[in-house]
Amino acid sequence: MKPLYKYILIALLIGGAVYGLSFRGSAEKEKRPNIIYVLADDLGYGDISLYNPEGKISTPNLDALGAAGMKFTDAHTSSSVCTPTRYGIITGRYNWRSPIKSSVLTGKSNALIPKNRTTVASLLKKEGYETAFIGKWHLGWDWALKDPKVESGEGWNPEDFDNIDFSKKVGNSPNTLGFTYSYGHCGSLDMAPYVYVENGMPTMVPDTVTESKTKYGWWRKGPTSADFVFDDVTPNFFRKSFNYIKNISKGKDPFFLYLALPSPHTPILPTEEWQGKSDLNPYGDFMMMIDAYMGQLATVIKEAGIEENTLVIFTSDNGCSPAANINEMIAKGHNPNGILRGHKADIFEGGHRVPFMVKWPAKIKPNSKSGITICTTDLMATCAEIVGVDLEDTEGEDSFSMMPLFNDPNSKEYKREATVHHSINGSFAIRKDNWKMIFCPGSGGWSDPKPNSEGIGDLPKFQLYDLSKDPQEKNNVYGQFHEVESAMTRLMVSYIENGRSNPGEKQKNDKEGYGSKDWKQLEVFYN
């Protein structure tokens, strides 16, 4: 072969190989799924018929979602209240490692997540995903101030908002954390200010002050924009999501949509079409309305031609709240938290065990069911495996990929060793296999026995339950299984001191350590 021809042939072969690799890389990228994460607010374990056949709320669309994919029966939020759980979903890190050791933020709180922390959105955006947040944020952002020198309250009182300049862009919005598009409100729907913010900019300057004191539909007094119509907030977020999916699916890149509903949290405001439909109370009606919109979401996905390779996750941020009038519904035959003890805010199962359904036709077989214990912090590692990225030691410290479970509901390749639970007052519990150890004497929340209530000092210091025999947590066997108690305590302490619960280099918790005035909950481990 003549030298010239030889070099031409080599060049063609190399070029073809590069083209082939490029094509395969492009093809692999095209196979990446769209990811839609729908987070309900205060929806209980027993509110979906698929989880509670004895329940009285009709949820045909959510039932269909679960039947078309995988239903997890032992899924848990990282906390039993709003803000902490949302932190864990977005970062893959337990909330109590952040500055918020208990309770929740308000609608005025500054941003909780720093810009330099990797989020699910920033991870996927770096990998070529379009990313969007629509809904209830509740992780704080930095409102512009009229006078930065003026100090005001935390956001529980109407006057706390007087110094906010709603005509200017907010700082540290979801856009700074990897979301290409963002639209929503800052706190819960019952927390002022009642202002939509789109891509960091308030859509309207509030021109009035509103307040509701009704039994179910109450919200705190505060500034309200003309375009913020309370009973249209949930429908509005769904409409925004529908339009986003229709438009973004026309492009070539995959997308991640985090749709964070403000419902069925208070104010409980089913629209007129749904009022009275459940024969329970407005909460039941609200649930039916959410179910109907989830049916519309499924139709939008199908009509966009993306159903086969779209991963849809539906779950809740914690258990049902007593604001829904749980006892009223129980009297009518519906328990929104199923057989579980407790409710929102509690360390008991009713506080943090939630429905968790995953549909992904390209990967998950219909009517699949997994009883493996998972946590909402697992989204980060799951997305990382989907896009083939290894997380750094400083990323997703409490996240484990669920991908093995999508292929096999009982897979031993899912690496979560144990799961930490957290209540509104910052009390801890740890779950490993069938054992659950609670490091406080009561609920740690709003159900009896409440923290600091009369007689709570007479109860055992800690609680231990074998959930395989006692799923309702009725029989505290603390003191009877010393080896289990010792092992569980050591594991809990190691998770705290290592700054992580998955493999990797030791990390620091924010404002870390026993003795810190901001983390008094650690005293139980060191006394």
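Which residues form a negative surface patch? I looked this up first in the predicted model. The patch is formed by Asp390, Glu392, Asp393 and Glu505. I then checked where Asp390 sits, and found Asp390 in the loop between α9 (379-387) and α10 (403-407). Asp390 has a relative accessible area of 72%, so Asp390 counts as exposed, the cut-off being over 50%.

**Entry: salt bridges**

I asked how many salt bridges the structure holds. The count is 20. A general point I noted beside this: side chains of opposite charge can pair when their charged atoms come close.

I picked Asp74 to follow. Asp74 forms a salt bridge with Arg353, and the closest N and O atoms of the pair are 3.3 Å apart. Asp74 lies in strand β2 (residues 70-76) and Arg353 in strand β11 (residues 353-359), so this salt bridge ties together parts that are 279 residues apart in sequence.

Are these two residues buried or exposed? Asp74 has a relative accessible area of 5%, which makes Asp74 buried. Arg353 has 13% relative accessibility and counts as buried too. I kept the cut-off in my notes: buried means under 20%.

Asp74 has another partner on my list. Arg431 forms a salt bridge with Asp74, with the closest N and O atoms 2.7 Å apart. This pair also links distant parts of the chain, since Arg431 is in strand β15 (residues 428-432) and Asp74 in strand β2, 357 residues apart. Both Arg431 and Asp74 are buried.

I then looked at what else belongs with these residues. A network of salt bridges links Asp74, Glu349, Arg353, Arg431, Lys436 and Glu473.

For a contrast in cover, I turned to Asp232. Asp232 forms a salt bridge with Arg239, the closest N and O atoms being 2.8 Å apart. Asp232 has 26% relative accessibility and counts as partly exposed. Arg239, at 36% relative accessibility, is partly exposed as well.

**Entry: strand β2**

Asp74 led me to the strand that holds Asp74, β2. How many of the residues of β2 are buried? Seven of its seven residues are buried, and β2 is mostly covered.

I went through the strands that pair with β2, one by one.

- β11 pairs with β2 in the antiparallel sense, over five bridges. I noted one bridge partner here: Ala75 is matched by Val354 in β11.
- β12 (residues 368-370) runs parallel to β2 and is joined to β2 by three bridges. In β12, Ser370 stands opposite Phe72.
- β13 (residues 374-375) also runs parallel to β2, with two bridges between the strands. Cys375 in β13 stands opposite His76.

Putting two entries together, β2 and β11 are joined by strand pairing, and a salt bridge between Asp74 and Arg353 also ties these strands.

**Entry: a distance**

I looked up how far Asp227 is from Thr377. Their C-alpha atoms are separated by 34 Å, and the residues are 150 apart along the chain. Asp227 lies in the loop between β8 (219-224) and α5 (233-248). With a relative accessible area of 27%, Asp227 is partly exposed.

**Entry: backbone angles**

Before this search I wrote down the general rule: most residues other than glycine have a negative phi, and most peptide bonds are trans. I then looked for exceptions.

Which peptide bonds are cis? One is the bond from Ala192 to Pro193, with omega near 0°. Pro193 lies in the loop between β4 (181-185) and β5 (197-198). Another is the bond from Thr266 to Pro267, with omega near -5°. Pro267 lies in the loop between β9 (255-260) and α6 (282-303).

For phi, I noted two asparagines. Asn172 has phi near 50°, a positive value in a residue other than glycine. Asn172 is placed in the loop between β3 (130-136) and β4, and is partly exposed with a relative accessible area of 22%. Asn452 has phi near 65°, again positive. Asn452 is found in the loop between β16 (435-438) and β17 (463-466). At 78% relative accessibility, Asn452 counts as exposed.

How values were computed
Residues are numbered from 1 along each chain as its sequence is written. This is a predicted model: local features need pLDDT of at least 70, side-chain atom pairs count only at pLDDT 80 or more; totals for chains, interfaces and linings use all residues. Side-chain values use heavy atoms; hydrogens and water are left out. A salt bridge is a side-chain nitrogen of Lys or Arg within 4 Å of a carboxyl oxygen of Asp or Glu. Helices (H or I, at least four residues) and strands (E, at least two) are DSSP runs, numbered from the N terminus. Buried means under 20% relative accessible area, exposed over 50%, partly exposed in between (1.4 Å probe, protein chains only). Patches are made of residues with over 30% relative accessible area and no salt bridge: like charges are joined within 9 Å, nonpolar side chains (Val, Leu, Ile, Met, Phe, Trp, Tyr) within 5 Å. Accessible areas come from the Shrake-Rupley method with a 1.4 Å probe; for residues, only the protein chains shown count as cover. Lys and Arg count as positive and Asp and Glu as negative; His and the chain ends are not counted. The place of a charge is taken as NZ of Lys, CZ of Arg, CG of Asp or CD of Glu. Two strands pair if DSSP finds at least two bridges between them.
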